[in-house]
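Here are my notes on the model, as promised. Have the structure open while you go through the points.

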Amino acid sequence: MPRRLREAVAGLRGTVRFHARLADYTSFKIGGPADVLVEPADAEDLVQLVVQVSARKLPMFVLGGTNLLVRDKGIRGVVVSLARLRSIKEEPESVLYAEGGVGMPTLIGYAIRRSLAGLEWAAGIPGTVAGCVVMNAGTRLGEMKDSVKAVRIVTPAGRVIDCPARDIAFSYRRAELPAGIVAGVWLQLKPGVRSDIEKVVKDYLRYRRDTQPLTLPSAGCVFKNPPNDSAGRVVEAAGFKGARVGDAEVSRTHANFIVNQGHATAKDVLALVRKVRTHVVRKTGVTLDLELKVVGQA
Ligand SMILES: Cc1cc2nc3c(=O)[nH]c(=O)nc-3n(C[C@H](O)[C@H](O)[C@H](O)COP(=O)(O)OP(=O)(O)OC[C@H]3O[C@@H](n4cnc5c(N)ncnc54)[C@H](O)[C@@H]3O)c2cc1C
């Protein structure tokens, strides 16, 4: 493995870190090491990486890091962060093209400066634009499928394909995309009035600050909402606000968040998740599905 790993990342212009601690790359501040973590310098570098990794049949995982629980032994193979793919271009007819690593807050700021409306629903989502497509991220104001025009994907063979939104099946926190890495996203916005757009964004950010535990590390909502209900309400009604395993705690502010009170491990979080799910299904018959993506080795 080590030789194949070194070959897979040879000649790249981006950043390459062996044994990178993934806790430093996740909003939860939890996670063991990646064998190697690569931040490609640009889209070309990403294609080269994909080709080299595929040729050596190594596993590859892409992260933005805000909806993830990385287990304590980390991730084998190559972990890719698109943190350096962060350019945004304005195209005709209120279209923006954002490289995959652009953070949603940055993209919203860019749209506001150009008086482009349509992304206000995403205010406060911290993920990358690519991660938001893959997750079909959403809030009560809207979801990613409302804004995506097309997606650029680097396939495992290293081919770059552009996939129009009509060919993507979006559903609740899910998008069925061709296999590969999302390298960029076209967003269809519309002309708006800057102060109106700003107001919606500010109001929603305030609402989040009032209702979500934003000062502690977390990965956002842990469970998907069950049909016609909210997971936060279900967990709170089951009496789990403040429940704790080690340093993992069900937030007292919003019961669908688990926060890291200091040194929580993935094992702590998963034990707490199991406790909540087992209790809730026994008492109410409701099965809470995970929105959080759990990856890596225990
Ligand atoms: C405080 C807080 C608030 C949040 N609020 C919301 C909210 O309101 N609504 C909501 O939907 N989510 C919310 N989230 C969760 C998270 O921000 C979203 O799920 C976001 O879409 C994840 O993006 P990411 O880039 O961090 O991807 P990650 O969490 O790293 O990855 C998610 C999945 O996408 C895949 N992926 C990531 N990038 C790529 C890529 N370039 N190509 C292919 N696959 C990729 C990963 O492999 C993984 O399977 C919140 C999180 C936090 C911490």
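1. Which residues of helix α3 (residues 104-113) are buried? They are Met104, Leu107, Ile108 and Ala111. Looking down the axis of α3, you'll find these buried residues within an arc of 100 degrees, so they line one face of the helix. Before you read on, keep in mind that this is a predicted model.

2. What sits over that buried face? The cover on the buried residues of α3 includes β6, β7, β8 (116-117), α4 and α5 (194-211). Just past the end of α3, have a look at Ser115, where phi is positive, about 55 degrees.

3. Two of those covering strands make a hairpin. Strand β6 (residues 88-91) pairs with strand β7 (residues 95-99) in the antiparallel sense, over four bridges. If you want to check the register, Ile88 is opposite Ala98 in β7, and Glu91 is opposite Val95 in β7. Three residues lie between the strands of this hairpin, and Glu93 has a positive phi there, near 60 degrees.

4. β7 has another pairing worth tracing. With β15 it pairs in the antiparallel sense over five bridges. Which residue in β15 is the bridge partner of Tyr97? That would be Trp186. As a general reminder for reading such pairs, side chains in a regular strand alternate between the two faces of the sheet.

5. On to the ligand. There are 30 residues around it, and those that come nearest are Gly64, Asn67, Gly127, Gly131 and Gly220. By class, the shell around the ligand splits into 16 nonpolar residues, 13 polar ones and one charged.

6. Where does the shell around the ligand come from? At least two of its residues are supplied by each of β3 (60-63), α4 (129-134), β9 (138-139) and β15 (181-188). The largest share belongs to α4, with four residues. So α4 turns up twice in this note: in the shell around the ligand and in the cover over the buried residues of α3. β15 likewise contributes to the shell and pairs with β7.

7. Now the domains. The assignment splits the chain into domain 1 (2-81), domain 2 (88-211) and domain 3 (231-295). The C-alpha centres of domain 1 and domain 2 are 24 Å apart, and the contact takes 12 residues from domain 1 and 14 residues from domain 2. On the side of domain 1 that touches domain 2, helix α2 (residues 43-55) gives the largest share, six residues. That side has seven nonpolar, five polar and no charged residues. For the ligand, domain 1 and domain 2 each bring at least three residues to the shell.

8. Further along the chain there's a small piece of sheet to look at. Three strands form an open sheet, ordered β17-β18-β19, with antiparallel pairing. At the edges are β17 (244-245) and β19 (258-260), each of which pairs on one side only. Strand β18 (residues 248-250) pairs with β19 in the antiparallel sense over three bridges, and Ala248 is opposite Asn260 in β19.

9. Two loop residues make a handy pair of spot checks. Take Ala23, in the loop between β1 (15-21) and β2 (33-39). Is Ala23 buried or exposed? It has 20 other C-beta atoms within 10 Å, and 20 or more is the cut-off, so Ala23 counts as buried. Not counting residues up to four places away in sequence, Ala23 touches Lys29, Ile30 and Gly31. The C-alpha atoms of Ala23 and Val269 are separated by 14 Å, although the two are 246 residues apart along the chain.

10. Then there's Val286, in the loop between α7 (266-284) and β20 (293-295). Val286 has 15 C-beta neighbours inside 10 Å, so Val286 counts as partly exposed. Neighbours within four places in sequence aside, Val286 is in contact with Pro226, Val234, Val280 and Val281. The C-alpha atoms of Val286 and Gln52 are separated by 45 Å, with these positions 234 residues apart along the chain given as their spacing.

Terms used
Residues are numbered from 1 along each chain as its sequence is written. This is a predicted model: local features need pLDDT of at least 70, side-chain atom pairs count only at pLDDT 80 or more; totals for chains, interfaces and linings use all residues. Two strands pair if DSSP finds at least two bridges between them. A residue is near a molecule or strand if its C-beta atom, placed from the backbone, lies within 6 Å of it. Ala, Val, Leu, Ile, Met, Phe, Trp, Tyr, Cys and Pro count as nonpolar, Asp, Glu, Lys and Arg as charged, and the others, Gly among them, as polar. Domain bounds come from an automatic or database domain assignment. A residue is buried if 20 or more other C-beta atoms lie within 10 Å of its own, exposed if 12 or fewer, and partly exposed in between; C-beta atoms are placed from the backbone. The arc is that of the directions from the helix axis to the C-beta atoms. Two residues are in contact if their C-beta atoms, placed from the backbone, lie within 7 Å.
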